[in-house]
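Colleague: I am new to this structure and would like to go through it with you step by step. Could we begin with how the helices pack and then move outward to the chains?

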Amino acid sequence: MSEKEEYQMPEKKKSLFKFGTREVVYSAIGAALYAVLTYATNFMQLPGSGNVAMRPAVVIPMFFGIAFGPIVGFITGFVGNILSDLLSGWGFWFWWDLGNGIMGLIPGLISVAIIDYKAIKSLLLGELFVILGAAGGMGIAAISEMWVSGADMTAVIYANFLPAFLTNIANGLILLPILMVAYAAVAQRSGRQ
Amino acid sequence: MLVSDSTIMLVTWRYKYRNSIMDSIDPRARWIFSFAFLISCTMFWDARFLIFFFTIAVVWYTFGRTKWKETRHGWLLVSVMLFSMIVINTLITGGGAGGVVPPGGHEVWTQGFTIPWVNWHVHFGLTAERLWFAICQLLRLGGISAIFVLIPYTMDSRSYGATFHGLGMPDRFAYTMELSFRFIPTLAQDFAATLDAQKARGYEIEKVKGGLFRKILRIAPLIVPITMNSIVASEDVANAMDLRCFGQYKRTWLFKLKFHWWDILLIIFSALMLMGSAVAAYGFKMGNFWVPEYFINLLVG
């Protein structure tokens with residue numbers, strides 16, 4: 001191989017549900033990151049819209065799902081939400097923790113299909129699954145409120161689902177491509193595939 | 001607490017040892033009780049059953065020996081949630097009661113009422129049934145909240161990994177939880193350093209003008225470096241774990257858990273509560289929404 005020739009990393013086949021040592025560490029880092037960023041942005045009183053809570057950190061489980069698989073995405077969202085609630089002293093709300101986990105799991109389902117993180121196709125696919133993830137995750141969490149509080153579907157959609165879903169997709173759609181492009185550079189530099 | 005305009009960012013857990021009854025209960029028994037309570041309580045809308053569960057929750061809450069000053073942040077969130085569900089959804093719009101309260105009912109204030117000073121005439125069709133349902137919601141959600149709000153303040157953060165392992169979660173998952181607790185202080189420090197570095201470059205997060213999208217976009221200079229640095233650093237952690245044969249053998253835990261006789265009693269009580277509730281609700285069809293006659297007479301006359 002001449003010096004001018006660019007070295008190509010051998011393509012490793014990604015496994016969708018692999019959960020080895022690396023995935024353990026990525027999940028733990030993702031969960032801690034999600035908790036710290038959520039906690040930090042709560043206290044910084046981000047200029048948001050009205051009473052809708054701005055939570056830009058929701059992009060973390062989505063991104064970790066896409067980069068490292070659905071299990072990592074799920075644990076990042078699920079454990080991260082538990083940790084941020086523990087830090088804030090907000091208690092333990094299982095169905096919202098589960099919803100956050102699903103918000104990371106669904107985008108993770110396309111992790112095997114994404115090789116080049118800065119390709120337009122990958123970015124669009126990521127954006128599509130951000131919407132599906134937010135819809136699935138927040139949908140399950142909101143429907144659980146019917147079971148717990150006895151509210152009807154209309155009340156749950158307007159009071160629980162829509163505010164959470166709309167802010168989450170806004171944060172996800174804007175921040176996910178930025179993280180994916182940044183990760184493409186990191187992956188290329190370190191030889192990750 | 002977090003100080004965003006300082007070079008030091010402190011993240012502290014809410015737990016502290018209080019020498020309380022709760023401190024002596026095994027965390028596994030506590031989780032089993034908490035979930036048994038949640039499932040049992042959500043089988044009923046009858047206030048007579050809900051008073052029973054609410055009383056249990058209040059007794060359980062007092063076991064924690066927490067002070068109002070410590071838990072008020074958690075209760076503030078619960079209050080917002082209860083206000084939105086009970087006052088707005090059930091009393092004002094009626095949507096929150098649609099899933100349980102049958103349509104119709106005995107209307108309270110059939111003529112409506114006028115708000116003094118502003119002279120607004122209000123008629124929102126509130127019924128005695130919806131009002132009673134609001135009381136039931138308060139009992140049910142208040143009880144569930146009392147059980148779960150207590151957790152951050154009374155459960156040792158070092159115990160989570162061992163606890164979930166003890167509850168049957170695979171080692172790798174339980175250790176992920178343990179590890180994430182350990183990463184929190186490091187990442188909080190990274191966050192503070194990144195914020196300071198960006199501020200030194202003229203980054204002003206507090207004074208952002210523009211619409212919602214622009215505001216979200218402005219978070220990127222904070223989120224991207226922290227995330228990428230964490231991913232790069234995680235390689236070293238993973239390699240170190242692999243070198244120590246992580247996952248090859250059965251894991252041991254630094255935090256030791258031991259069941260006492262009172263933990264066993266609590267688990268038996270939880271199981272009986274769950275089974276009793278299921279038999280009452282599904283076997284005998286008890287615990288459906290019910291409004292006492294005296295309540296309707298009191299309001300409607």
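Colleague: Which helix of chain A does helix α2 (residues 59-68) of chain A pack against at an angle of about 45 degrees?

Modeller: Please keep in mind that this is a predicted model. The axes of the two helices in question lie 9 Å apart, and the angle of about 45 degrees makes the pair oblique, because that class holds angles that are neither roughly parallel, roughly antiparallel nor roughly perpendicular. The crossing of α2(A) with its partner is right-handed, and the partner is helix α6 (residues 153-190) of chain A.

Colleague: How many charged residues are there in the contact of α2(A) with α6(A)?

Modeller: On the side of α2(A) the contact is made by Val59(A), Met62(A), Phe63(A) and Ala67(A), while α6(A) brings Asn171(A), Gly172(A), Leu175(A), Leu176(A), Leu179(A) and Tyr183(A). By class these residues divide into eight nonpolar and two polar, and the number of charged residues is given by the word no.

Colleague: Which helix of chain B has an axis that comes within 10 Å of the axis of α6(A)?

Modeller: The two axes cross at roughly 35 degrees, and the crossing is right-handed. From α6(A), the residues that meet the other chain here include Leu175(A), Leu179(A) and Tyr183(A), and among their counterparts are Ile223(B), Met228(B) and Ile231(B). By class this contact has 12 nonpolar, two polar and no charged residues, and the helix of chain B that takes part is α9 (residues 220-243).

Colleague: Which helix gives the largest share of the side of chain A that touches chain B?

Modeller: The contact between the chains takes 56 residues from chain A and 64 residues from chain B. Helices α1 (21-43), α3 (70-88), α5 (120-149) and α6 of chain A each supply at least two residues of the side that touches chain B. That side divides into 42 nonpolar, 11 polar and three charged residues, and its largest share, 17 residues, comes from α1(A).

Colleague: Is Leu128(A) buried, exposed or partly exposed?

Modeller: Leu128(A) has its place in helix α5 of chain A, and its C-alpha atom is separated by 8.4 Å from that of Pro107(A), which is 21 residues away along the chain. A residue needs 20 or more other C-beta atoms within 10 Å to count as buried and 12 or fewer to count as exposed. Since Leu128(A) has 13 within that distance, it is partly exposed.

Colleague: What percentage of the 193 residues of chain A count as buried?

Modeller: Chain A has six helices and zero strands, so that its elements, read along the sequence, follow the pattern α-α-α-α-α-α. Residues 24 or more positions apart account for 74% of its contacts with a separation of 6 or more. The share of its residues that count as buried is 57%.

Colleague: What is the radius of gyration of chain B, and why is this chain described as more spread out than a compact globule?

Modeller: Chain B has 11 helices and two strands, and its elements run α-α-α-β-β-α-α-α-α-α-α-α-α from the N terminus on. The globule rule gives 19 Å for 301 residues, and the value of chain B is well over that, so the chain is more spread out than a compact globule. Its C-alpha trace spans about 75 × 60 × 30 Å along the principal axes, and the radius of gyration of chain B is 25 Å.

Note on methods:
Residues are numbered from 1 along each chain as its sequence is written. Chains are lettered from A and ligands numbered from 1 in the order in which they are written. This is a predicted model: local features need pLDDT of at least 70, side-chain atom pairs count only at pLDDT 80 or more; totals for chains, interfaces and linings use all residues. Helices (H or I, at least four residues) and strands (E, at least two) are DSSP runs, numbered from the N terminus. The radius of gyration is taken over C-alpha atoms; the globule rule is 2.2 Å times the number of residues to the power 0.38. Axes are lines fitted to C-alpha atoms, for helices over the stretch in contact, and angles run from 0 to 180 degrees between N-to-C directions. Angles under 35 degrees count as roughly parallel, over 145 as roughly antiparallel, 65 to 115 as roughly perpendicular and the rest as oblique. A crossing is left-handed if the near helix is turned anticlockwise from the far one by less than a right angle, and right-handed if clockwise. Two residues are in contact if their C-beta atoms, placed from the backbone, lie within 7 Å. Ala, Val, Leu, Ile, Met, Phe, Trp, Tyr, Cys and Pro count as nonpolar, Asp, Glu, Lys and Arg as charged, and the others, Gly among them, as polar.
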